[in-house]
Amino acid sequence: MMKFRFRRQVADPQREKLKQELFAFNKTVEHGFPNQPSALAFDPELRIMAIGTRNGAVKIYGAPGVEFTGLHRDTATITQVHFLPGQGRLLTLLDDSSLHLWEIVHHNGCARLEEALTFQPPSRPGFDSASSLPGLARITVVLLLPSGDRAALGTEAGSVFFLDVATLTLLDGQTLSPDEVLCSVPDDYRCGKALGPVESLQGHLRDPTKILVGYSRGLLAIWDPSVRRVDHVFLGSQQLESVCWERSGGTIVSSHSDGSYAIWSVDACVSSALQPTVATTPYGPFPCKAINKILWRSCQAGGHFIIFSGGMPRASYGDRHCVSVLRAEALVTLDFTSRVIDFFTVHSARPADEFDDPQALAVLLEEELVVLDLQTPGWPPVPAPYLAPLHSSAITCSAHVAHVPAKLWARLVSAGEQQSPQPASSIASWPITGGRNLAQEPSQRGLLLTGHEDGTVRFWDASGVALRPLYRLSTAGLFQTDCEHADGGAQAAEEDWPPFRKVGCFDPYSDDPRLGVQKVALCKYSAQMVVAGTAGQVLVLELSDVPATLAVSVASVDLLQDREGFTWKGHDRLSPRLGPLPWPAGFQPRVLVQCLPPAAVTAVTLHAEWGLVAFGTSHGFGLYDYQRKSPVLARCTLHPNDSLAMEGPLSRVKSLKKSLRQSFRRIRKSRVSGKKRAVGASSKLQEANAQLAEQACPPDVEVTPVQRRIEPRSADDSLSGVVRCLYFADTFLRDAAHHGPTMWAGTNSGSVFAYALEVPAVTGGEKRPEQVVEAVLGKEVQLMHRAPVVAIAVLDGRGRPLPEPYEASRDLAQAPDMQSGHAVLIASEEQFKVFTLPKVSAKTKFKLTAHEGCRVRKVALATFTSVACEDYAETCLACLTNLGDVHVFSVPGLRPQVQYTCIRKEDVSGIASCVFTRHGQGFYLISPSEFERFSLSARNITEPLCSLDICWPREATHASHRLRGSPKLGQANGTPGIILDPPSHDGSPSPARSRGAGEPVDLPEATQSPTSVDSATSADTTLDTTGDVTVEDVKDFLGSSEEAERNLRTVAEAEAHTCTVLIK
């Protein structure tokens, strides 16, 4: 029977206003290295750098905190980027030969990047009745002339067209055709062979009237557009790759496809040169790969730099990615681990200067950016304040630590500086310093911790826009790996020629996959942390300011508890090194706990004040006293039929077969149970109730929505024993009169275990006495439908989360209320439920799956401060679902507040990588190398606020000022945003820009529920959740279409039988 329950809808305007002051969704900034870069440019006057990507994103970087991002309307590869020096404008060329003009425009004191004009070259003659220009072939190269108002376009057909930059229109009568150039070459050079595509266009710094044109065949020509004459030709015979015109104009250097480069002398008396002055193959004489790009830079101190990419011997080093730097007799071959995209030098760009005097070399690689100091002997690398490759080794987990104490921050910075000390002679700093960061200094320091596949944990400064590396912790030195001897032999056998130098930190290869970090937890007050890995290793580390030689205590914990019938079929445990080992300053290991069987650790938590660490795997969980170095508890959570957990990650075939069998059984079971329902009388009754509701429902009455039927999960589901979360709390478990330390564990089968701990009392802030810690099972809860438990948190008498270790004892936070009764919040994949303590009776709940049709993936308790009043704050529950939506609920009432669309539901890895902060922000991976940062708080927002000092020519005007609408560009990498159609090539606005300039752009608002909140508190905590991609994630993705159809049918049936109000 369909039951209706009517309640009056309480529309509280004050509550709605308060929601707007508390909650607001924004995607603010992208941290890390751009995914799949394809183009590079540098503005020497503004000292800013632009990177284009394969998905059409444009990213401009200046000083730390100065960032601009734009996204082309069409997803196409950016092949070239060119700055208009000093103007804050740039041209981008896409692989479809379209040109786009971008401008950095200031609004209300802050700058942003906007697309102003678009030029699509004509594909056939007669595209414009007012023009007689021939059809353009594919554009291969772009040159912005020094005047800044025109651009030269080289094409695949060998012609050079000229473009008016202000309007992005082709200029009539100035096209250079290959026939005009052929008229100036000797007859024997023509020989009926075409010149080929235009490979290079170079302008002269001191003579802006001259253009150097390089053709694929090898011919170089100096063209004077003012008199339409070829002044010089250089008859090259090898296929051309790149050309560079020396500063004085007397020398040209060209690189070729056979790995050679040639130096040509420009003689005013000779109009054609048959042979170059110098022709050499630097890595010959054997066949070499092409030199893709070459630069010539002069120096006042004597000598010159020749910098080129490629040219390596094909047979021996054809797979190397190299940039060679040559000056006089010094040659260094920079060996990178990813493909070279482009490079530039930071040097003097003033025409009055006689020499280039390069200061730095910036090399853009496919996976990182490397900058070298060319003024220091040895040319050392310059540490980057941003654009660090997050994925130097694949990211396996992440965590955020808020409000880091100043003392711990200084110790981390000091340890990081000792890891990579700069040479004393190096005075160079980061050379890309354009713009001003207008953002205020962050009020608190935030750490982002990332665990990696190679066993490292990296510490990042996540306080502002620029994600700055602070410190790197490596755990591989504690274990013996199989690849050590092989690596040493390979390095010893390497020859001295070419003079390779390993540069960069991107290293995607791991010596041993068992080293991978699965979970990290840091206590910011005691400077202790725990790192758990793929082979069941749990490391407890402590921060030290000086190097030390220490022996690590090793212990094993058997989680199977001698159960019969279970045999581990996965990988072996890692073998630790025995005896004292040298450790640098930083986090040094104190205790190693090895879980048996050595399965991947799925949950971990640390309580430094009690000296305890808890850990869980797919077999069970354990508790270890690392102060006394003794195990306290081990509990097996395996179901008798759960043999899949013993196979390890390598047995995928059996896992897939078993998973498919169980899926089909559930489908058959649901179909059979559905057919058994009587539909005759009940359906007629439902129709009668629906008609009655339609007649009697006033408009201000809300109907309780229809809940979906949830299938209970089988007790013998695979991996039902996986421990999903662990939690320490000082609360009431045995009775309502006495509180004490407790430990909570939640599993994949919906089981919750609560243990009462006997921990010796700590007095005076010192270490606890050396007494045995005991654990007694106090409560055991089994949730309905056996939904996996995602997170657990205990709330005090005022409904606030308990403070972190040391916060209450050191008066760093308000002490919890121990007079009133406590409650425990248990978040499963299907619902949130609050139980009273110590009776563990249900108090309130919210069935997310039943109401919204989604499952919980990530959960965190966060503080939301009002943007109108700094003293008012609320603690709420933030939740990310498998559909990519973020929900916010009140605590402890669990009433929905807002809902936002955050991540695409197809992005399974992005959802699995999400981590919330304690103040309403979050991070998730939009690519292997980039974190997207978002904010749910209306007050706590971290976004770029910057400006540029732009010098515009007198006759130049903002192209965007001619438009009637100004679009807000979307974020890169598919981040949702509003992207309007750019104008056509003649500057007229497209129909999509018909909105007036004074009208605001309508943004999608959050779905809000007009309910009152339960309490206004300011405490907060972050719940630890698993960051792995689970089987359910994959099922969600594969079954999304079937679920969508089923949901549509459910909605259709509900609309036919009920009267509902949809608030959106």
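Two exercises follow on a predicted model, each with a worked solution.

**Exercise 1.** Determine where S254 lies, whether S254 is buried or exposed, and which side chains S254 meets through polar contacts.

*Solution.* Begin with the secondary structure, where S254 is found in strand 20, the run that covers residues 251-256. Next, consider the accessible area: the relative value for S254 is 1%, and because a residue counts as buried under 20%, S254 is classed as buried. Then turn to the polar contacts of the side chain, one of which links S254 to the side chain of H256 at 3.0 Å, while another links S254 to the side chain of W264 at 3.1 Å. Finally, list the surroundings, leaving aside residues up to four places away in sequence: S254 touches L220, L240, S242, V243, S260, Y261, A262, W264 and I294. W264 therefore appears both in this list of contacts and as a polar partner of the S254 side chain.

**Exercise 2.** Describe the sheet that contains strands 3, 4, 5 and 6, and then examine how strand 5 is joined to strand 6.

*Solution.* Start with the overall arrangement, in which four strands make up an open sheet with the order 3-4-5-6 and antiparallel pairing. The edges are strand 3 (37-43) and strand 6 (67-71), each of which pairs on one side only. From one strand to the next, the twist averages 15 degrees. Now look at strand 5, residues 57-61, which runs antiparallel to strand 6 and is joined to strand 6 by five bridges. As a last step, locate a facing pair of residues: Y61 stands opposite E67, a residue of strand 6.

Note on methods: Residues are numbered from 1 along each chain as its sequence is written. This is a predicted model: local features need pLDDT of at least 70, side-chain atom pairs count only at pLDDT 80 or more; totals for chains, interfaces and linings use all residues. Side-chain values use heavy atoms; hydrogens and water are left out. Helices (H or I, at least four residues) and strands (E, at least two) are DSSP runs, numbered from the N terminus. Buried means under 20% relative accessible area, exposed over 50%, partly exposed in between (1.4 Å probe, protein chains only). A polar contact is a pair of N or O atoms within 3.5 Å; within protein, one must be able to donate a hydrogen and the other to accept it, and residues adjacent in sequence count only if both atoms are side-chain atoms. Contact means heavy atoms within 4.5 Å. Two strands pair if DSSP finds at least two bridges between them. Axes are lines fitted to C-alpha atoms, for helices over the stretch in contact, and angles run from 0 to 180 degrees between N-to-C directions.
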